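Reader: I am new to protein models and would like a close look at one part. Please start with one helix, then show me what surrounds it and what else stands out.

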Amino acid sequence: MCPQQSVDTTNTDGAAAVTPGSNESTVNIELLRTGSVSIDRALAYEEVTNHPMPETGWFRPAEKREWVPVSAYLLEHPTGVVLVDTGWHRDVRTDERGHLGRLLGSMHETNLPAGEAVDEQLAARDLAPEELVAVVITHLHPDHVSGLDHVREAPRVLVSEPELAAAGGRFSLARVLSGHMWAGVDLEPFGFEETGVGPRGRSHDLFGDGSVHLVWVPGHADGQVAVLARTDEGVVLLASDAAYGAPSLEDGRPPGAVTDRTAAVESLAWVREVADSDECVAVVANHDPAVVPGFVGRTSWADSGPSANGGRLPDGEQL
Ligand SMILES: [Zn+2]
């Protein structure tokens, strides 16, 4: 097992290569904390109970609740910077119920300290949203898209085809809960290629050089992606909510909130397989309280940072 932000080289029978190709392009990965959320633990980790919907937290004891971080990520590639997920909107500071809506607001509380909103963090790095190469949304759940409004000037906002298709469905809970958060934003679908990467063998090579794969990990959400990236130190997997926290990785406990439980179990099994591979230096579960903001998979960050401008993705227009 290679825990978050640490290196384990003791595994000798790890899985085969988790990224295809021999290209040695790498990225730098910075973990951001974009607020936190209070959840019922049954949302994060499946629980055997007679309660019909324990993940909502409704009529559940207070000791079942827990505050967990909401993570977002910056991927720094030689061609520019990609933001992954967006955390909470600043509106939660002043009008939480208004921003979340009644249904979502009945399940969660939020916290977004000054400086943790995604646009505030970009500004602190002298990055304007329009200077990003793209924003990638791992799945359309509220804690991942709430802050999208702050970066809507980004040239491209990428969401997987199955995630967008599911959000358009009649019974899409994601749309009911968070549709207002991406309203008016031009979400650009991307498809998966047959790469052999991931539980379904399908992923999208983001920069076209093998450095970053957006890996299809359905189950918690139909089109959820994890980010499998090659850094100078080795492979890093940003698992999104395919692994919610340490109990997912250590005990293999699937999330309680799923659209397809079987798929969620398979996706988590793949995440754990990556964690056990020799190449892996870190697996980051989005909501693990142990996540520490900062760079991961890189020992020194001082020399040549990538330019924030002029980036392009392989299937996109030159910026
Ligand atoms: Zn989440």
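Which residues of H7 are buried?

Author: Helix H7 spans residues 173–182. The buried residues of H7 are Ala 174, Leu 177, Ser 178, Gly 179, Met 181 and Trp 182. Buried means under 20% relative accessible area; exposed means over 50%, and partly exposed lies in between (1.4 Å probe, protein chains only). Helices (H or I, at least four residues) and strands (E, at least two) are DSSP runs, numbered from the N terminus.

This is a predicted model, in which local features need a pLDDT of at least 70 and side-chain atom pairs count only at 80 or more, while totals for chains, interfaces and linings use all residues. Residues are numbered from 1 along each chain as its sequence is written, and side-chain values use heavy atoms, leaving out hydrogens and water.

What covers these buried residues? Their cover includes H2, helix H3 (102–105), helix H5 (142–145), helix H6 (161–167) and strand S7 (187–190). Just after H7, Gly 184 takes a positive phi of about 80°.

Look at Ser 178, which lies in H7. Ser 178 counts as buried because its relative accessibility is 0%. Leaving out residues up to four places away in sequence, Ser 178 touches Leu 140, His 141, Pro 142 and Val 145. A contact means heavy atoms within 4.5 Å. Ala 167 is 11 residues from Ser 178 along the chain, and their C-alpha atoms are separated by 9.7 Å.

Now follow one of those partners. Leaving aside neighbours within four places in sequence, Leu 140 is in contact with Val 145, Val 159, Glu 163, Leu 164, Ala 167, Ala 174, Ser 178, Trp 182 and Leu 187. Ala 174, Ser 178 and Trp 182 in that list are also among the buried residues of H7.

Leu 140 also leads to the largest nonpolar core. A nonpolar core is a set of buried Ala, Val, Leu, Ile, Met, Phe, Trp, Tyr and Cys residues joined through side-chain atoms within 4.5 Å. This one has 40 residues. Those with the most contacts inside this core are Leu 83, Leu 132, Val 135, Ile 137, Leu 140, Leu 148 and Leu 187. H7 is one of the elements that supply at least two residues each; the others are strand S1 (28–40), helix H1 (41–44), strand S2 (65–77), strand S3 (80–84), helix H4 (118–124) and strand S6 (157–160). S2 gives the most, with four residues. A second, separate core has 28 residues, including Val 27, Leu 75, Ala 229 and Ala 282. In soluble globular proteins, nonpolar side chains tend to be buried together.

Next comes the metal. The zinc ion has protein donors Asp 143 (OD), His 144 (NE2), Asp 241 (OD) and His 287 (NE2), at 2.1 to 2.4 Å. Donors are N, O and S atoms within 2.8 Å of the metal (3.2 Å for Na, K and Ca); water is not among the atoms, so sites may look incomplete. The donor residues are spaced D-H-x96-D-x45-H in sequence. Asp 241 and His 287 link distant parts of the chain, 46 residues apart. Asp 241 is in the loop between strand S12 (234–238) and helix H8 (246–251). His 287 is in the loop between strand S13 (280–284) and strand S14 (294–296). Asp 241 counts as buried because its relative accessibility is 2%. His 287 counts as buried too, at 1%.

Asn 286 is found in the loop between S13 and S14. Its relative accessibility is 0%, so Asn 286 counts as buried. Not counting residues up to four places away, Asn 286 touches ten residues' worth of company, including the zinc donors His 144 and Asp 241. Asp 85 and Ser 240 are also among the residues that Asn 286 touches.

Both have a backbone feature to check. Asp 85 has a positive phi of about 65° although it is not a glycine. Asp 85 sits in the loop between S3 and helix H2 (96–100), and is buried at 0% relative accessible area. Ser 240 is not a glycine either, yet has a positive phi of about 50°. Ser 240 lies in the loop between S12 and H8, and is buried at 1%.

Finally, the whole chain. It has nine helices and 14 strands. Of its 319 residues, 55% count as buried. The average pLDDT (the predictor's confidence in each residue, from 0 to 100) is 84. Over residues 3–17 the pLDDT is below 50, and over residues 299–312 it is below 50 as well. Where pLDDT is low, the predicted coordinates should not be read in detail.
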